[in-house]
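Visitor: I am new to this structure. Please take one part and walk me through it closely.

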Amino acid sequence: MDYNEIKISTSCTLDCWDSCSILATVSDNKIISLKGDNRNHITGNVLCAKGMRYMDMINHPDRIREPLIKEKNGWKRASWEEALDLVASKLHELRETYPTTALLHCNHAGNVGLLKKVENRFFSAYGGVTAAIGSLCVGAGSEGQRYDFGKSLSHEISDVVNSKTIIIWGRNPMDTGLHLVPFLKEAKRRGAYIIVIDPLETNTVKLADMHISPLPGTDGALALTMANILIERGLIDKEFIDKYVVGFDEFRSYVKDFTLEKGAKTSGVPIEDIETLVDKYGNSKPSSIIIGFGIQRYTNGGYTIRTIDALGAITGNIGIGGGGVNYNNSRMNDYIDHELLSGETLRKHHRVFSRPKMAEFIETAEDPKVEIIFTTRANPLTQFMDSNRMTRAFEKVGFKVTIDMFMTDTASLSDVVLPCRHFLEEDNIICPPSNHNYINYCNKVIEPNPWIPSELWIWNELAKRLELENFPIGNSEWWIEKALKPMTDLTGITIDDIKSGPIIVPGATPVAWYDKNFQTPSGKYELYSNLAKSQGFEPLPVYKSIDMEPNEEYPFYLLTPHTKDSLNSQHFVLVDEKQLPIVYIHSETGSKMDIRNGSVAEVFTDTGSLDCVVEYNDSIRRDILMIYQGWWIQRLGGVNRLISERYSDMGNNAAYYECICNIRYKA
Ligand SMILES: Nc1nc2c(c(=O)[nH]1)N[C@H]1C(S)=C(S)[C@@H](COP(=O)(O)OP(=O)(O)OC[C@H]3O[C@@H](n4cnc5c(=O)[nH]c(N)nc54)[C@H](O)[C@@H]3O)O[C@H]1N2
Ligand SMILES: Nc1nc2c(c(=O)[nH]1)N[C@H]1C(S)=C(S)[C@@H](COP(=O)(O)OP(=O)(O)OC[C@H]3O[C@@H](n4cnc5c(=O)[nH]c(N)nc54)[C@H](O)[C@@H]3O)O[C@H]1N2
Ligand code: SF4
Ligand SMILES: [Mo]
């Protein structure tokens, strides 16, 4: 027994459905073990394989430990003093010469801790910069749900055990959010019927009673066909509709056109399968739908989510145990001092760019042109759209700074790279993710040795050098306490309460919308949304086909989903440097095109090309090629070299999966 051993409570900060609570056992600044903290009854004592590799990341030989400044002959290791002086002088110079919007701040989701948002306050206090709007991830669906419900709220995933039918629609929890799996298994043990709707036969299909494989981007037509048949057969909840739903008559007349024949033709799903879907969803209440993010990475993504939400509304599967249309959670809104973290009112200048069109923006921006790119928590070269264009755009800009732990594709193209701490080395707050309602304090578990500063320290040091009056110099506790002051004021819960372990967000319930108090303008569920109409959209959840269909030149859809083994690009630092990415194709496709299993082939689109090793997989549809996203360009990957910059109907969301391609034998 080591008497120095202490237990420290923290949480995974990766952008994941689960945000696991973690208990670290530490002795003399060394992590003895990391285990799931089962005070969080959803994530329990299990961490995923990626979580189990935190120590590999922290101790990785490639981890950057000192600031690096690019010189003609390569990288120079610099002192913090020198690197921060250089960055501050560049920022100062820019502020003297241009409106501060000549600086573009590129951030994303490398660490989803609340404290990370201090970066926004920094840039507002600096004068206001060019900042991102839109999403690479959830945006289209969130916007769709805002029209339907007022905002996104999900059931605690444990509630799925109360469902009789479960539809997992465009989500792959076996690989991307494993804490749902035990609850699905329990639901199955209790007799639930599980249907997976996904063009790919994912690992999640192994849990299912039925797999439906629609053509990519056609789920809206499938959902509206289900709605039409449910209405025709009276499998709807009239009482719920009368009391809580706006726009049912308009919706009913719109969906009349979605006959079984039309639904089957559009989505490629056989009529019998649509019949089974209707029967299972409509005849065995409560039924739940669990939507993923994959389904809305299309130009029709927002409408698609609205069509699926509508199924829950017309059948009254909303606000009841075992029901729900689960997508995301926004439970903390009233509990956070957003102004403190964003400093919105301090900005003298402000300009926005759409994340999915970042490269185009950089290339075309005028008055002012982009003079500096400052990247935090993001790897735009690998993860944003059109990597070739992004590379050209980055190369055009005079000065680039990146804060990261590793020499990513983005860091490599920068002029200064500032290292930062791993989440186990600093304090933070994790708000509830999609799958549960726990808020978690990330207590610092170890000090980095040798020393690396926290990101907050970097902002403080830059603010001092730039004499930013409106950037308070505080430590992490100061910021966390202030940022969550609305929560303390409203609920009495203090930071000390959270520090000792995960707690359920006050007011959060296992069943979303149990009070039917929807946050739309009418206070009801809005099938017909005047708000959507006033913002230039169709008021109803409609089906619009996507812009791309395979043709002679590009006969395949290209899907680039999330892999089990890495959180986006982050764990690819752990893969073999000279390994090509894999393209998964049906063996018949391969043999027809003379592309052998194990050979090297070039996958190409009208945007770019990528060499891959071919792997035959007969669970892949013949009209689809699949390559996992995340693989670094410098490690011969870079799937976003194939994908052009385009966004969804709603929410400016990157339409990654709307892509057609071809493949040819190389070697
Ligand atoms: N291991 C691991 N876990 C992760 C991540 C990771 O990279 N790795 N990333 C995290 C992040 S940032 C996110 S956003 C989530 C994503 O989590 P998920 O939503 O589960 O994953 P995606 O890969 O976006 O897509 C889910 C499924 O949508 C399917 N799909 C694609 N097009 C269509 C379509 O037209 N219709 C239907 N019905 N299905 C379609 C894909 O085939 C895929 O199986 O996972 C999080 N968790
Ligand atoms: N083709 C295709 N592309 C996709 C997707 C897809 O499905 N297909 N999915 C999209 C989705 S859903 C997402 S969410 C995006 C993800 O896009 P990003 O958020 O850009 O991707 P990550 O790979 O998570 O890279 C984030 C970087 O942050 C760094 N980092 C981690 N912690 C910290 C920290 O505390 N501070 C700082 N400064 N850096 C830190 C990591 O080392 C990593 O290099 O990718 C998108 N790209
Ligand atoms: S990546 Fe997700 S499942 Fe894995 S440890 Fe982190 S929060 Fe948990
Ligand atoms: Mo994401």
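**A close look at ligand 2 and its surroundings**

Guide: An oxygen atom of ligand 2 sits 3.2 Å from a polar backbone atom of Ala-109. That is a polar contact (a pair of N or O atoms within 3.5 Å; within protein, one must be able to donate a hydrogen and the other to accept it, and residues adjacent in sequence count only if both atoms are side-chain atoms). Before going on, note that this is a predicted model, where local features need pLDDT of at least 70, side-chain atom pairs count only at pLDDT 80 or more, and totals for chains, interfaces and linings use all residues. Residues are numbered from 1 along each chain as its sequence is written, chains are lettered from A and ligands numbered from 1 in the order in which they are written, and side-chain values use heavy atoms, with hydrogens and water left out.

Back to ligand 2. A nitrogen atom of ligand 2 is 2.9 Å from a polar backbone atom of Gln-383. Ser-569 uses its side chain: an N or O atom there is 2.5 Å from an oxygen atom of ligand 2. On its own, ligand 2 has 910 Å² of accessible area, and the protein covers 98% of that. Such areas come from the Shrake-Rupley method with a 1.4 Å probe; for residues, only the protein chains shown count as cover.

Which residues come closest? His-108, Asp-404, Glu-455, Ser-569 and Asn-640 do, out of 31 residues that surround ligand 2. A residue is near if one of its heavy atoms lies within 4 Å. This shell divides into 12 nonpolar, 13 polar and 6 charged residues. In this scheme Ala, Val, Leu, Ile, Met, Phe, Trp, Tyr, Cys and Pro are nonpolar, Asp, Glu, Lys and Arg are charged, and the others, Gly among them, are polar.

Now place the ligand in the chain. The protein chain has domain 1 (68–136 + 333–503), domain 2 (155–327) and domain 3 (556–665). These bounds come from an automatic or database domain assignment. Ligand 2 lies between domain 1 and domain 3, because both give residues to its shell.

Ligand 1 makes a useful companion. Domain 2 and domain 3 both give residues to its shell, so ligand 1 lies between those two. The shell of ligand 1 has 33 residues, and Asp-198, Asp-219, Arg-297, Tyr-298 and Ser-566 come nearest. By class, that shell holds 13 nonpolar, 12 polar and 8 charged residues. Nitrogen atoms of ligand 1 meet the protein at several places. A backbone N or O atom of Ile-197 is 3.1 Å from one. For Thr-563, a backbone N or O atom lies at 2.8 Å. His-562 offers a side-chain N or O atom, at 2.8 Å. The protein covers 98% of the 910 Å² that ligand 1 has accessible on its own.

Finally, how do domain 1 and domain 2 meet? Their centres, taken over C-alpha atoms, are 38 Å apart. The contact (heavy atoms within 4.5 Å) takes 5 residues from domain 1 and 8 from domain 2. About 450 Å² is buried between them, with carbon and sulfur atoms giving 33%. Buried area is the accessible area (1.4 Å probe) that two parts lose on being put together, summed over both. Between the two domains, 4 residue pairs are in polar contact, both at pLDDT 80 or more. The domain 1 side has 1 nonpolar, 4 polar and no charged residues.
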